[in-house]
Amino acid sequence: METVTVDPAKSIPAFYAGQSILLTGATGFLGKVFIEKILRSCPDVREIFLLMRPKKGLNMNERLEKLLNLPLYEKLLEEQPSNFEKLIPISGDVSEKELSLSVADRQMLIERVTIIIHVAGDVKFNNSLKYAIFANTRATRDICILAQSMKNLIALVYVSTAFAHVNEPIVEEKIYPPVTDWQKMIEIAELLDEHTLNVFTAKYLDYIPNTYIFSKNLAESVIQEYSSSLPCAIIRPSIVTITEKEPMPGWIDNVYGPMGLFIGGGKGIIRVAYLSKTVNEDVIPVDVVIKAIIVICWKLGLTTFTADSTVFVLNGTNQKYMTYQSCIELLHSVVNELPFEGTVWTPHTILTDNFVLFYVLTILLHILPAILIDFILKFSGRQPMLVRLQRKLFVVSRAISYFSFRKWKYSDTNRLTLMSLIPPENLDMFSFDYSYLDIKEFGKHGVIGVKKFLLHEDINRLEEARAHNRRVYLYVTVVKTIISIGILWIIYKWIYCCTS
């Protein structure tokens, strides 16, 4: 039988046929979705090496097996189960020097890898400067050093963040000067102890709001430095959220960023948030980001690399704009239709950009009720947890507020150019345009996804959840009526005392 050869320039799956990929951050949100998409849409990929950190009580294969049991992989398991055999777990840790790779594994990667997707990193805003530098900046340097040794490397894609350059009101698709020298910063992080480095953190960060963005800013500069000897690209996604449609709408596995606040708001736990009503929330579906990464690799791999090649940068930002206020209102309307189980109050969240008002309302609407409920829980023999939860949500609200009080514009020339290059027969599979998105439908999928994959609620129990919500509404109405009568009675007595 005659074999038909497909031109890789005219077919993205044909380009990936026979490629060996090294994926860092395989157990993270983006990494999981990348594995699913590449195995399903580019089934002839040769192999994917997954850099995974050893976990207590689980070896590499057990970690991988646990990962592949997620609902995310059900479609792939049904359609192409043999493709899972192409996944090769590699023991490593991005927070350790030289990625903590064994000599044998390092040599195997050098011999076989043709594409690197560097997703791994520390995404917490409040981690120590030392850890953020190790996990985000030094790890990127060590990936580049490893890449330089690879015999057949054709593409290295680094996943940065749209907020890496917060001092630029208009973020263009180019490399910017770093906030400081990344080499010196790595040396300082290795030299100083944790406590000493924490003392100097504010000085090092300068105008940057947290260690995450600081270390990602420096990592972009690392990529720039090594781009003279490596075919590099950077993608800068904004807040990555639920899948739009692949492999299913609404899949999510974390509560990073605004997601935790929205869940708290939907359950009636969060009554006030320190957010601007008028600034747009910049979110992008995770499957859209993954398709963009796959297409960037394809473009990079087909481009002849020269020493004067520049880093290809793509801003992966919002194509459907909604203010935080509109998002909250949409969430509440959807939650009324598809309620969460175990709501404690009717969903309603006050947004304010006045910190004093936010603090006062947090005490009145969050902390005092949480103390009361925790007291009841303790009295009934259950574990008190609401005050601890409210403390965490307060920290999250403060961290997110920085981004909600500032507006950035992003150029999208490279994004539009890249989309125009996608072969017509691959558009359905790899287009990362979502300007057509129905926001209400997306919100519905989001709530269903949160219920199923994060809260593990049964969608068939909607009627019981609605009945519970009706009881909560009645309870809230009674409480508000009693409080209103009490306030009116106090005012009446005060007026009576003043006039008599």
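**View 1. The two faces of strand β2 in the predicted model.** From β2, the residues E47, F49 and L51 point one way, whereas I48, L50 and M52 point the other way, and all of them are buried. In a regular strand, side chains alternate between the two faces of the sheet. Strand β2 spans residues 47-52 and is mostly covered, with 6 of its 6 residues buried.

**View 2. Pairing of β2 with strand β1.** Strand β1 (residues 20-24) runs parallel to β2, and 5 bridges join the two. Within this pair, T24 stands opposite L51 of β2. The chain passes from β1 through helix α2 (residues 29-41) to β2, forming a β-α-β crossover that is right-handed.

**View 3. Pairing of β2 with strand β3.** Strand β3 comprises residues 87-91 and pairs with β2 in the parallel sense over 5 bridges. Here I48 stands opposite L87 of β3.

**View 4. Positive phi values in the loop between β3 and α5.** The loop between β3 and α5 (103-112) contains E98, whose phi is near 55°, a positive value in a residue other than glycine. L99 is found in the loop between β3 and α5 as well, and its phi, near 65°, is likewise positive in a residue other than glycine. L99 counts as buried because its relative accessibility is 1%, and the cut-off for buried is under 20%.

**View 5. A cis peptide bond between E246 and P247.** The peptide bond that joins E246 and P247 is cis, with omega about -5°. P247 lies in the loop between β8 (239-241) and α10 (258-266).

Notes: Residues are numbered from 1 along each chain as its sequence is written. This is a predicted model: local features need pLDDT of at least 70, side-chain atom pairs count only at pLDDT 80 or more; totals for chains, interfaces and linings use all residues. Side-chain values use heavy atoms; hydrogens and water are left out. Buried means under 20% relative accessible area, exposed over 50%, partly exposed in between (1.4 Å probe, protein chains only). Helices (H or I, at least four residues) and strands (E, at least two) are DSSP runs, numbered from the N terminus. Two strands pair if DSSP finds at least two bridges between them. A crossover is right-handed if, with the strands pointing away from the viewer, the path from the first strand over the helix to the second runs clockwise.
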